[in-house]
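Please follow the helices of this chain in turn, with the sequence and the 3D view side by side.

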Amino acid sequence: MPHHDLTGFSEGSFTHDGATRRVLRAGTGPAVIVMAEIPGITPKVLEFAGRVAAAGCTAVLPVLFGEPGRDPDPRAVGRANSGRYMASTMWRVCVSREFTLLATGRSSRVVRWLRALAAAEHERCGGPGVGAVGMCLTGGFALAMATDERLIAPVLSQPSLPLACTPGRAAAIDISPEDLAVVRGRCEREGLQVLGLRFRGDRLVPADRFAFLRRELGDGFVAVELDGADANPESALPPHSVLTEHLVDEPGQPTREALDAVLDLFRTRLLPEDGPATAT
């Protein structure tokens, strides 16, 4: 897939607490914050954002790392270029104080900025609330953002932090106990639904992590777990990225059904009953 020139997306910025980041937007309607996986906002992430916009929402993509639109696939750019780009992006994330890669019982600092972004987008876009989807490194951010009552449709796609180097980290997710208690309370009182996606056998997203979320959130956590054989076989990577790299975009395919479940959550929670009904 070639690099994406960002056609169809407007670009701006958002500043909170002294931190300014680029923000891409597409569509109209209630906001959905789309947080990319490593190495950043790839063409496939932009395709997913386009689906969110087609569903009747405003896709809002904060640039947390990487170069928006750049294709990291070694088949498209060569192994050397792909490797250098991936390593450079990961190094910057590792040395940043805003991302918590290993520690348990802690929400990453960047979540405060993301909550502020969601609040600003809710004011700008309107609607009953905001949706959010995090992927891999950012998967747990959508959960921690849900301490804000304006976040009413959180999606955790292959949430990979903290890195599962020990059994304790495998059976945890990157959120503080205080934040988790708030989200648990919202699930109990408000019927908040947290949607989680993973491939079985994905070492970055161990089964113990979803078991932990089931224990903590009860019926508020809805898990979609797919077999590795359901992943796109054309990918050069092991099954991991449900909504992007390993999506098989054909009706009846389990990954397509997972994508449809995400879009249905956004429609159900964010759009009025007489809102736009568009094809996926």
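The model is predicted. Helix α1 covers residues 43-54, and at 1.5 Å a residue its 12 residues should span 16 Å; the C-alpha atoms at its two ends lie 16 Å apart, so expectation and model agree. Within α1, the buried residues are Pro 43, Val 45, Leu 46, Phe 48, Ala 49, Arg 51, Val 52 and Ala 53. These buried residues pack against the strands β2 (19-26), β3 (31-35), β4 (58-62) and β5 (130-135), and also against helix α9 (254-270). Just after α1, Gly 56 adopts a positive phi of about 110°.

Helix α4, residues 110-125, can be examined in the same manner: at 1.5 Å a residue, its 16 residues should span 22 Å, which agrees with the 22 Å between its end C-alpha atoms. Of these 16 residues, 12 are buried, and α4 is therefore largely enclosed by the rest of the structure. Trp 113, Leu 114 and Leu 117 are among the buried residues, and Arg 115, Glu 121 and His 122 are also included. Gly 126, just after α4, has a positive phi of about 80°.

How do two helices meet elsewhere in the chain? The axes of α7 (residues 177-190) and α8 (residues 207-217) come within 9 Å and cross at roughly 60°. Angles from 65 to 115 degrees would count as roughly perpendicular; the crossing found here makes α7 oblique to α8. On the α7 side, the contact is formed by Leu 180, Val 183, Arg 184 and Cys 187, while α8 contributes Phe 212, Glu 216 and Leu 217. By class, this contact comprises 5 nonpolar, no polar and 2 charged residues.

How values were computed:
Residues are numbered from 1 along each chain as its sequence is written. This is a predicted model: local features need pLDDT of at least 70, side-chain atom pairs count only at pLDDT 80 or more; totals for chains, interfaces and linings use all residues. Side-chain values use heavy atoms; hydrogens and water are left out. Helices (H or I, at least four residues) and strands (E, at least two) are DSSP runs, numbered from the N terminus. The expected span of a helix is 1.5 Å times one less than its number of residues. Buried means under 20% relative accessible area, exposed over 50%, partly exposed in between (1.4 Å probe, protein chains only). Axes are lines fitted to C-alpha atoms, for helices over the stretch in contact, and angles run from 0 to 180 degrees between N-to-C directions. Angles under 35 degrees count as roughly parallel, over 145 as roughly antiparallel, 65 to 115 as roughly perpendicular and the rest as oblique. Contact means heavy atoms within 4.5 Å. Ala, Val, Leu, Ile, Met, Phe, Trp, Tyr, Cys and Pro count as nonpolar, Asp, Glu, Lys and Arg as charged, and the others, Gly among them, as polar.
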